[in-house]
Amino acid sequence: MTAKEKLAIAPQEMPQQDPVVRAHNMEEVALGYTAEMAKKEASRCLACQAKPCVQGCPVKINIPGFLAAAAEGDFKKALAIIRESSLLPAVCGRVCPQERQCQKFCTVGKMFKDVAKAVAIGRVERYCADSVEPEKTEVAAPTGKRVAVIGSGPASVTCAADCARAGHEVTMFEAFHKTGGVLVYGIPEFRLPKRIVEKEIEGLKAMGVKIVTDFVVGKTRKLADMKKEFDAIFVGTGAGLPKFMDIEGENLIGVFSANEYLTRANLMKAYLEDKAATPFWHGRKVAVLGGGNVAMDASRMALRLGAEEVHLIYRRSEKEMPARVEEVHHAKEEGVIFHTLENAKRILGDEQGKVRAIECLKYELGEPDASGRRSPVAIAGSEFEFPVDTVVVAVGSGANPLIAATTPEIEVDRKGHVLVDETTRMTTMPGVFAGGDIVLGAATVILAMGEGRAAAAGINEYLRPR
Amino acid sequence: MTKILKKSQLSENVFRMTLEAPLIARERKAGQFIILRTDAEWGERIPLTIADADPLAGTIDIIFQTVGVSTKQLSLCNEGDSIADLVGPLGKPTDITNYSKDGRKGWVVVVGGGIGVAPSHPIAQAFKAAGNRVTAIMGARTKDLIIMEDEMRKACDEVVIVTDDGTYGRKGLVTEPLKEFCSLEEKPDEVVIVGPPVMMKFAALATKPFGVKTIASLNSIMIDGTGMCGGCRVTVGGKTKFVCVDGPEFDAHEVDFDNFIKRLGTFKDEEAAHKCKSGLFG
Ligand SMILES: Cc1cc2nc3c(=O)[nH]c(=O)nc-3n(C[C@H](O)[C@H](O)[C@H](O)COP(=O)(O)OP(=O)(O)OC[C@H]3O[C@@H](n4cnc5c(N)ncnc54)[C@H](O)[C@@H]3O)c2cc1C
Ligand SMILES: Cc1cc2nc3c(=O)[nH]c(=O)nc-3n(C[C@H](O)[C@H](O)[C@H](O)COP(=O)(O)OP(=O)(O)OC[C@H]3O[C@@H](n4cnc5c(N)ncnc54)[C@H](O)[C@@H]3O)c2cc1C
Ligand code: SF4
Ligand code: SF4
Ligand code: FES
């Protein structure tokens, strides 16, 4: 095919559930390509010499390589190429902010001057992962070395896999009763089905990784004590500390952190009211504060939990929203009402202490600051209120403080992020490594995965017999 | 999976269980709690105080009252059964001080209301072991609801029992003997209160005029118990605190009990509906 012919192929739209229907069920929204669509989409790739897309992928997947195989219909080969660099393609194909990573740099998108027309790298990646059973991972001969991996989010899963592959005996410790980190308690079923995460964990078990749930490192056992039993430790405890806005009325009944709101629904399955013992709050008019993926997830979850109106309140404009473009689009389609350039000033309660309304202020964008972003400025006297019975605060989260608080040997920065050596990923405690959101601050799945991989390399080097 | 090694019934709605938990038994300190789930698929995470522990045997004891679906489910489990999940020890341990000085023994008064006696037991033990004189005030609605009397007598130098209806001990509320103690020339050095939120609110009000240091152990609604959800938050001294990681014990004179009590009722309607549907309640 010539480049011209390739450019003539229409971008393959992703089949998805009807917005009206899906806003009331937990099934996955984006249904995935068929083999035919995946092949067609992959054949739009121009196989650019310079591979600009690869530069945009944090783990540097050989994108033109796997697309070429997919275009041939050899999805098995395509998946094998992907898996050289990424362990979680079924997850990343679904949740990567592609428009800001690989697809941002795609030549095809550039030619159409529209990133939405770039090769849909993530979607093809997802198809390969969904349609092919990965080969069983080879594990090296046992080294006799023991590695503890703390947390079970994407950073930890990746680190555990790479350490197990090197022949170390790996044990994973998770505080919750279920493994997967944010992938199971935060990101909802309708965006990332739990079975996909479960499959990855099964893969780890097949490689011989031992999994211990209900184990809070620092509480059930101090890290320093574990250090006596393990030759190396990886800390991937994430950014689980919910931030609040520090405004009046935030402790009223009906105000939740997005973490609580989503955990009840996802991890505890509270939406299945006939079965689950955990209750959820039946909000009718819900305000969600924030503009990231977490805010989108909370808004869309609110609809699925029966809300009549969901208002998303964000103090900048839509252009600055950190959420994935697709999620913003899906939220709008499903009926979430967007209030941009507005921010909550206080939450008002009734005599029983329940939320009855929210008071907001209007904002405008000021001069660009040092980072080049135009910062929002409140417009004096623009207060207005409207009735809501639920407020979900989704304005970010901070580093999980548990390990640092119980392990003085591990140095953290001002915000509680664990400090690591850039090459080895070792913390200030010898033999203890770290990666993922606990190091980066709330980031992305693929970055966490990449960090887990880098730390595993550090661990494997550290444990190398010499 | 965690095995239930022993079970007994202390009063109509109160049960005691010994659970196999070697790691928790080794690490736990007075004031800490666990979170458990009975059912692997649908269970709720419920927090319960560690009432006692035996590090050598590798066991912990919990004492709980059946108030809703999850505690009812737990009460239906028997010796030899297993529960799906158990995690802990969570929360900060009680800050134990020996107040003894210049030949005078320190004096700590531990107030336990209803089921609150269970969590107050390890706290009383720890203050005593540190060298203080410990007085317990145990309160309940009626005689049959008084639990752990023998153990409290063993753990403390002195026990005062009060019942609302006068069927056992003194008739009245825990606040009465508490006020009397605080009015003595030699006041208690510290008061620790554990019990129903309303009782804690009034006990805190009772000690405040005397300026006696008072600590309350809060039992807010929780999910993770590790600081991740903020569901357990309370206002203490005008600041938001997470009960599971900053507590569960706080300066009772600083706690906004009214907000705390209201927040505990967050899921009242939902729980009531659950209770009807579960078929566990007649
Ligand atoms: C609602 C939501 C939506 C998101 N959407 C996207 C998206 O669309 N795309 C994207 O790329 N990213 C998204 N993210 C961000 C992404 O999920 C995170 O960046 C990523 O999960 C971080 O991985 P991690 O392995 O560092 O930590 P986590 O996934 O946070 O996992 C940490 C794990 O460690 C456990 N843990 C913590 N402390 C201890 C301890 N002391 N002992 C034992 N275990 C412990 C925790 O319970 C948790 O399971 C989203 C995040 C949220 C919350
Ligand atoms: C740190 C801590 C220690 C505790 N220790 C003990 C203990 O030693 N013994 C004991 O019997 N109970 C203890 N509790 C309370 C116990 O956790 C609740 O009684 C239990 O979760 C109720 O669950 P349920 O499903 O049976 O009732 P639900 O149906 O969930 O609730 C019934 C009513 O109880 C209240 N409630 C609901 N959830 C909680 C909760 N997590 N905490 C407090 N109240 C709640 C609500 O007002 C609700 O309306 C403790 C709570 C905390 C936070
Ligand atoms: S992992 Fe993410 S950034 Fe990398 S190619 Fe896949 S979708 Fe793109
Ligand atoms: S930039 Fe786009 S067209 Fe070029 S190789 Fe990458 S995916 Fe293919
Ligand atoms: S229970 Fe979730 S933060 Fe305390």
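Trainee: What makes B:Asn219 and ligand 2 a polar contact?

Mentor: A backbone N or O atom of B:Asn219 lies 3.2 Å from a nitrogen atom of ligand 2. A polar contact is a pair of N or O atoms within 3.5 Å, so this pair counts. B:Ser70 has a backbone N or O atom 3.0 Å from an oxygen atom of ligand 2, and a polar backbone atom of B:Gly68 is also 3.0 Å from an oxygen atom of the ligand. With the protein in place, 87% of the 850 Å² of accessible area that ligand 2 has on its own is covered (Shrake-Rupley method, 1.4 Å probe).

Mentor: A word on the basis: this is a predicted model, where local features need pLDDT of at least 70, side-chain atom pairs count only at pLDDT 80 or more, and totals for chains, interfaces and linings use all residues. Residues are numbered from 1 along each chain, chains are lettered from A and ligands numbered from 1 as written, and side-chain values use heavy atoms, without hydrogens and water.

Trainee: Which strand gives the most to the shell around ligand 2?

Mentor: That is β4(B), with four residues; a strand here is a DSSP run of E with at least two residues.

Trainee: Where does ligand 3 sit?

Mentor: In the largest cavity. A cavity is a set of points, on a 1 Å grid over the protein atoms alone, where a 1.4 Å probe fits but cannot get out. Sitting there means that more than half of the ligand's atoms lie within 2 Å of its grid points. Among the 13 residues around ligand 3 (a heavy atom within 4 Å), A:Cys57 and A:Glu125 are two of the nearest.

Terms used: A polar contact is a pair of N or O atoms within 3.5 Å; within protein, one must be able to donate a hydrogen and the other to accept it, and residues adjacent in sequence count only if both atoms are side-chain atoms. On a 1 Å grid over the protein atoms alone, a cavity is a set of points where a 1.4 Å probe fits but cannot get out, and a pocket is an open set with protein on both sides within 12 Å along at least five of seven lines; lining residues have an atom within 4 Å of a point.
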